[in-house]
Amino acid sequence: MNSKNMLVKIVSVMMVFSVLLTACGAPATATEAPATQAPAEETEAPAATAAPAETEAPVGKIYDGVTIDILTFVGPQVAEPLQRRGPDFTELTGATVNIITVPNSELYQKVLTDAVSGTNAYDGYLFAPAWVVDFAPAGLIEDLTPYVEADAALEWDDVAPFFRDFNSYDGKVYSIPLDGDMHMVYYRIDSLEEAGLEPPKTWDDYLAVAKALNGKDLNGDGEGDYGSCISKAPAQQSYWWIWSIAAPYIQSQGSSQGPFFNTADMTPLVNNDAFKRALEVYKETGLYGPPDETNQGVGDSRGLFLQGRCALTMDWGDIGPLAIDPANSKVIDKTGAISNPGSTEVLDWATGKLVPCDATTCPYAVDGVNHAPFASFGGWAGAVNAAVDQKEKDAAYAFFSYMAQPAQSNADVVVGATGYNPFRISQFENIQPWIDAGFSQSAAEQYLNGIKESFDSPNMAADLRIPKSQQYIQVELDRILSLYIAGDLTTDEASQQLYDSWEAITETEGREAQLTFYKGTIGAK
Amino acid sequence: MNTNPQGPTQIGLGLEPHSYKIMKTQTEEPQPFRLHSVISTFADRMAGSVFILPTVLALLFLSIFPLIASLYVSLAKFDIAPGGFKLTFVGLDNYKKLFEGSEGIHFLGKFAPSTPLTWVVFGVVVIALAIFMARYLLNVRVSISGLMGRVLLSLGLGLITWMLVYTLWNEGRLGTASTTLVYVFVGIFFQFILGLSLAMLTVQRLPGRRFFRVIFLLPMMITPVGIAYMFRMLTDTSKGPFTPIWQAMGLSDFSWVNNAWGARTAILIGDVWQWTPFMFIVLVAALESQPVEPIEAATVDGANSWQIFQHITWPAILPVSMTLILIRLIEAFKIVDLPNVMTNGGPGTATQSLTYHAFINWRALNIGGSAAVAYMLLFLVTFFAMIFVNLIRQRTVETL
């Protein structure tokens with residue numbers, strides 16, 4: 001071997017070694033930086049409190065050069081207002097806003113893996129406020145209380161009390177609501193009037209109306225339409241609809257009673273006659289719905305209602321503004337909205353049987369009907385990643401504040417495509433923006449009264465908000481419910497399996513700890 | 001010292017170059033110590049190992065380490081903790097859950113009561129496996145590894161048969177494991193038959209065959225999620241593009257997805273449509289590369305088309321076909337896009353595959369449970385791949 005070849009080989013070997021050493025050494029330096037920097041800056045006074053003022057009267061671009069990445073669910077609704085208003089916020093503050101979207105069913109997992117793995121690719125999350133109880137104790141999201149207290153432009157006192165509470169944990173605010181969610185029943189005013197039917201007051205009425213109008217031509221195209229459209233696809237929204245039906249059968253003694261667990265021992269309230277009746281009602285609505293309803297999500301059932309193909313549907317507040325949009329709606333001025341139907345029988349918690357409503361069993365009943373409007377999901381809310389730099393935290397908070405401030409929010413909640421529903425007291429009281437958006441006086445009043453009636457109900461049922469609520473609801477309930485809808489489980493089997501699987505989660509997480517959480521979130525003593 | 005009296009004269013008589021190098025060094029005169037010579041020799045010896053080291057490390061890092069790490073995760077419980085997460089060792093709990101309670105039904109399926117038919121089918125398979133074992137034991141070339149392999153094979157096939165016969169009929173319900181097996185074996189069967197048929201067609205000298213070759217390849221170039229959405233629309237009887245056809249046939253109130261087998265069939269159709277082109281293109285290449293002479297000779301001898309296919313074409317393409325099926329077999333076990341998009345795994349859990357099952361657990365942050373399902377999938381894929389390689393492919397190729 002000549003010396004030239006030898007030199008080439010030696011250099012090659014050294015190069016390979018140096019590449020390996022560089023590769024091995026790189027991560028060590030990369031992992032050190034973020035962890036130490038963020039807490040050090042956290043001790044400073046929250047700079048973001050100045051940001052909302054900036055959005056009101058910009059005096060300079062305090063977030064020039066700052067880029068914030070916000071994670072939320074794939075739109076177009078919910079993400080659309082963020083994307084649309086991002087450039088406006090940039091204009092005001094200098095911060096660049098990137099909106100990253102993932103499917104709804106993956107959002108929880110995505111947020112958590114981002115935070116717990118230390119990746120911290122996102123500065124803020126727009127997610128379900130029910131998840132705050134998972135993230136806040138672990139220190140994954142920022143305590144926003146000092147930000148909110150110093151933020152006059154947010155008008156926090158104008159946010160309805162339920163949403164202020166639902167976005168808090170342990171007395172501290174962890175997320176800023178951009179949306180208010182409450183299930184309601186929508187009906188076709190013209191179709192019910194023609195058939196001489198009243199809007200349903202109970203779930204039995206709902207089934208009777210759906211049955212009566214199923215197969216009738218509701219949109220004048222000569223074809224039979226559907227009595228009811230409530231989506232039933234797995235991994236979509238079934239696990240919320242069922243609680244809207246079950247709540248009035250189970251909860252009758254006020255909001256602090258709660259519909260999910262027995263507040264004495266944390267046993268699930270799903271293996272009793274009340275929940276079984278709710279299962280039967282939910283399944284029976286499918287008899288009066290589209291043939292492929294078991295594979296439909298809320299977007300499908302919403303679309304069918306707006307095309308005039310359904311006499312009844314259950315939805316969040318979205319249908320109200322969507323129904324007045326001439327581009328997408330064939331039910332303009334034909335859509336009525338009511339608070340969710342109730343029941344004339346309620347659960348006797350001691351025996352597990354249904355008993356008739358009277359002054360004792362149903363103290364909040366109206367005309368003998370117990371209502372328990374379900375604040376399903378709780379509305380989309382913005383939380384700030386606790387592990388990012390202070391400047392990014394401030395900018396992320398300022399962006400959520402900007403979105404929630406009346407100037408922006410009042411315009412967004414009256415547009416159906418945004419997916420945002422009213423959550424401020426003033427949005428219920430001031431009807432003018434709704435009329436300006438295209439509502440008729442009566443439609444606006446009926447729509448807002450339907451929601452307000454639900455929020456004002458002393459027997460309103462809040463969504464589950466305890467650790468692992470996602471596993472209780474979106475995994476176990478979803479799976480068992482989809483098996484039940486598919487006919488793979490009987491009502492008794494579904495109730496028993498759900499009871500067993502929820503008990504298993506409670507045992508794993510710790511019964512006492514879960515009970516304390518549960519009672520705390522519903523205000524039970 | 002020269003240990004070989006014949007020395008280098010054996011070069012060219014079958015000695016390998018490496019031996020030659022040693023012998024050459026041994027017969028040369030002792031050289032004075034030179035530093036650059038020692039470094040050169042060291043570098044020469046180390047070069048191969050050093051150059052391969054990055055690849056080995058990359059493989060270890062990207063493949064072996066995750067495998068071991070995920071094995072540990074499958075034995076642990078994942079929890080969020082202040083500042084991050086914690087993994088608590090729980091032994092085989094995650095695996096145990098897959099075989100009991102409602103999660104057991106999810107994974108294995110719901111077992112129906114025994115009927116004469118299930119006993120007959122299960123009995124036939126058990127007898128076949130017993131004969132298979134007996135024939136091996138009577139063989140003179142019995143080895144411990146061979147015996148163990150066959151015992152494992154018989155046990156595995158027996159258990160899978162037991163699972164299938166009790167969940168496929170009557171009141172039984174398929175679990176994610178058996179649904180995956182249906183996707184794999186039914187899907188691959190039709191993909192191969194259709195792929196071979198199309199390949200046979202397009203190797204004929206027909207007008208437009210080049211055009212159709214490209215057309216037949218198109219489905220393979222579309223992203224699986226796109227295919228899933230397309231088939232979701234096609235099977236939608238109320239809003240899809242075929243709605244007028246469904247209505248004309250009186251099927252406007254029919255839905256593929258209301259019925260478990262209807263939904264599985266819809267997914268299988270999408271899967272066959274997506275993967276037939278892969279079979280097709282490889283089989284076209286195999287068909288075109290077979291020698292023409294035997295076919296011409298057979299034609300001259302009066303053989304008909306079927307005889308030519310059976311005795312010349314099929315043996316010629318068999319090795320390629322076996323490899324093709326093996327690749328698809330391994331790939332098909334991982335099906336997730338189509339059931340996720342087309343049916344969300346429904347109705348119930350009827351269309352969930354093992355990968356989808358693992359995905360659901362992962363989505364719920366049941367990372368340990370997800371890893372356990374993934375490991376069960378790994379065992380299943382390895383089991384079938386080994387059966388295929390050792391028993392079917394090897395024997396098929398040997399008998400040619």
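In this predicted model, Phe280(B) has a relative accessible area of 1%, so Phe280(B) counts as buried. The ring of Phe280(B) has a partner in Phe216(B): the two ring centres lie 5.5 Å apart and the planes meet at 85°, so the pair is described as edge-to-face. Phe216(B) belongs to helix 8 (residues 209–221) of chain B, whereas Phe280(B) belongs to helix 11 (residues 260–289) of chain B, so this pair ties together parts that are 64 residues apart in sequence. The partner is placed in another class of accessibility, because Phe216(B), at 22%, counts as partly exposed, the limit for a buried residue being under 20%.

This pair belongs to a wider set, for the structure holds 56 aromatic pairs over all chains. Another of them is formed by Tyr239(A) and Trp240(A), whose ring centres are 4.9 Å apart and whose planes stand at 65°, so this pair, too, is edge-to-face. Tyr239(A) has a relative accessibility of 4% and therefore counts as buried, and Trp240(A), at 7%, counts as buried as well. Chain A also contains an aromatic cluster, whose members are Trp243(A), Phe260(A), Phe261(A), Phe275(A), Phe374(A), Tyr472(A), Trp502(A) and Tyr518(A).

Aromatic rings can also be followed through the charged groups placed over them. In chain A, Arg465(A) lies over the face of Phe166(A), at 4.9 Å from the ring centre, while in chain B the charged end of Arg150(B) sits over the ring of Tyr136(B), 4.1 Å from its centre.

Turning to the chains as wholes, chain A has 21 helices and 15 strands, and chain B has 16 helices and four strands. Of the 525 residues of chain A, 59% count as buried, and for the 400 residues of chain B the corresponding value is 41%. If one takes the contacts between residues at least 6 apart in sequence, 76% of those in chain A join residues at least 24 apart, and in chain B 67% do so.

Within chain B, helix 4 (residues 101–108) packs against helix 15 (residues 354–363) at an angle of about 145°, with the axes 10 Å apart. Helix 4 of chain B contributes Glu103(B), His106(B) and Phe107(B) to this contact, and helix 15 of chain B contributes Leu354(B), His357(B) and Asn361(B). Sorted by class, the residues of this contact are two nonpolar, three polar and one charged.

The two chains also meet each other, with 50 residues of chain B in contact with 46 residues of chain A. Together they bury about 4000 Å², of which 60% is on carbon and sulfur atoms. Ile80(B), Arg173(B) and Arg363(B) supply 14% of the area that chain B buries against chain A, which is more than any other three residues supply.

Finally, some details of the backbone deserve attention, because most residues other than glycine have a negative phi and most peptide bonds are trans. Gly346(B) and Pro347(B) are joined by a cis peptide bond, with omega about 0°, and Pro347(B) is found in the loop between helix 14 (337–342) and helix 15 of chain B. Val78(A), in the loop between strand 1 (67–73) and helix 3 (79–93) of chain A, has a positive phi near 70°, and its relative accessible area of 2% makes Val78(A) buried. Lys468(A) likewise has a positive phi, of about 70°, although it is not a glycine; Lys468(A) is in the loop between strand 15 (461–462) and helix 19 (469–485) of chain A, and with a relative accessible area of 16% Lys468(A) is buried.

Conventions: Residues numbered from 1 in each chain as written. Chains lettered and ligands numbered in written order. Predicted model: local features only at pLDDT ≥ 70, side-chain atom pairs only at ≥ 80, totals over all residues. Heavy atoms only, no water. Phe/Tyr/Trp six-rings, centres within 6.5 Å; stacked < 30°, edge-to-face > 60°. Buried < 20%, exposed > 50% of the residue type's maximum accessible area, 1.4 Å probe, protein only. Helix = DSSP H or I, 4+ residues; strand = E, 2+ residues; numbered from the N terminus. Lys NZ or Arg CZ within 6 Å of the ring centre and 35° of its normal. Axes fitted to C-alpha atoms, helices over the stretch in contact; angles between N-to-C directions. Contact = heavy atoms within 4.5 Å. Nonpolar A, V, L, I, M, F, W, Y, C, P; charged D, E, K, R; others polar. Buried area = accessible area lost by both parts, 1.4 Å probe.
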